Amino acid sequence: MRGCNNVCSYCVVPYTRGAERSRDPHTIVREACDVFSKGYKEVTLLGQNVDSYFWKSEEGNVNFAALLRMVAEVSPELRVRFSTSNPQDISDEVIETMAAYENICKHIHLPVQSGSDVMLEKMRRRYSREWYLQRVAKIREVLPGCGLTTDVIAGFCGETEQDHQDTLSLFEEVCFDSAFMFYYSERPGTLAAKKYKDDIDIETKTRRLNEIIALQGKCSLKSYQAEVGKTFKVLVEGPSKKSADELCGRASNNKMCVFPDKIHKAGDYVTVKVLSATSATLLCELVEA
């Protein structure tokens with residue numbers, strides 16, 4: 001799908017990409033079948049807000065959960081990922097569909113942007129801190145071990161120190177695997193540029209962002225170290241960056257695994273055991289499947 005209908009106050013996407021347009025699900029399935037027949041092992045369903053995908057036809061309507069099922073059923077050997085989810089729209093049906101199919105990867109990118117209800121309202125995010133945490137709780141109830149990543153903006157217009165502390169406390173509570181973290185940068189033509197003064201000085205923005213980054217670094221290390229001793233099915237992507245004697249690939253939860261291996265190649269599935277971890281990588285060994 002393309003475009004977005006949300007018009008968050010800081011975001012230029014609706015003005016540059018237009019309103020949401022969903023593709024015919026049958027063309028998506030055909031494309032997935034085609035790339036799988038050519039040897040590809042993973043596809044990503046991509047949209048600014050994939051959870052609002054909807055196709056209406058005389059044959060019947062298709063929502064995002066139904067599309068996930070259709071693509072997952074192309075082959076159990078074809079991994080399916082998707083991005084990006086919107087906290088206000090990700091449904092129980094989507095979460096339960098992920099649980100029902102082993103080849104739908106257990107990772108959700110769920111941008112929060114702020115932990116403050118005041119900022120969320122000003123950003124026009126259409127959900128509250130409580131709603132976001134309830135969605136996280138549902139994901140972890142239905143999908144134990146599901147990877148969870150996010151986006152956050154520090155120093156949005158009018159952000160107080162308490163608003164910033166609310167964001168830090170949400171990060172502590174959720175403990176994301178990783179995050180894309182930025183300080184606010186005004187985009188011409190957006191609602192925020194027209195309506196709100198960019199009134200947080202660069203020193204304060206930078207400090208707040210650095211505090212979020214430091215906290216997320218601790219959360220990432222905790223999240224990755226919690227995987228030590230576990231085994232994962234990994235789709236090999238190729239040689240690791242540091243050694244030709246090692247391969248790397250992602251587990252279903254999107255965490256990068258590195259392991260000694262001179263036998264397998266990109267596109268193979270292997271089973272690995274986690275021996276140790278950094279804040280961004282699981283260091284593993286091959287085990288018998």
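Contact here means heavy atoms within 4.5 Å. The model is predicted, so local features need pLDDT of at least 70 and side-chain atom pairs count only at pLDDT 80 or more, while totals for chains, interfaces and linings use all residues. Residues are numbered from 1 along each chain as its sequence is written, and side-chain values use heavy atoms, with hydrogens and water left out.

**Exercise 1.** Work out where Arg81 sits and which residues surround it.

*Solution.*
- Step one: place Arg81 in strand β4 (residues 79-83). Strands (E, at least two residues) and helices (H or I, at least four) are DSSP runs, numbered from the N terminus.
- Step two: check the accessibility. Arg81 has a relative accessible area of 9%, so Arg81 is buried. The cut-offs are under 20% for buried, over 50% for exposed and partly exposed in between, with a 1.4 Å probe and protein chains only.
- Step three: list the contacts, skipping neighbours within four places in sequence. Among them are Glu42, Leu45, His107, Arg250 and Asn254.

**Exercise 2.** Find the largest nonpolar core and say which helix gives the most to it.

*Solution.*
- Step one: get the term straight. A nonpolar core is a set of buried Ala, Val, Leu, Ile, Met, Phe, Trp, Tyr and Cys residues joined through side-chain atoms within 4.5 Å.
- Step two: the largest one has 50 residues, and those with the most contacts inside it include Leu45, Phe64, Ile108 and Phe171.
- Step three: helix α3 (residues 64-72) gives the most, with seven residues.
- Step four: don't miss the second, separate core of 14 residues, which includes Phe232 and Val270.

**Exercise 3.** Describe how α7 and α9 pack.

*Solution.*
- Step one: take the angle and the distance. Helix α7 (residues 161-174) and helix α9 (residues 202-225) pack at about 10°, with axes 10 Å apart. Axes are lines fitted to C-alpha atoms, for helices over the stretch in contact, and angles run from 0 to 180 degrees between N-to-C directions.
- Step two: classify. That angle makes α7 roughly parallel to α9, a label for angles under 35 degrees.
- Step three: look at who meets whom. Leu168 and Phe171 are among the α7 residues, and Ile212 and Leu215 among those of α9.

**Exercise 4.** Lay out the sheet that holds β6.

*Solution.*
- Step one: the open sheet has three strands in the order β5-β6-β7, with parallel pairing. Two strands pair if DSSP finds at least two bridges between them.
- Step two: β5 (107-109) and β7 (178-183) are the edge strands.
- Step three: β6 (residues 147-154) pairs with β7 over six bridges, and Thr149 stands opposite Ser178 in β7.

How values were computed. Angles under 35 degrees count as roughly parallel, over 145 as roughly antiparallel, 65 to 115 as roughly perpendicular and the rest as oblique.
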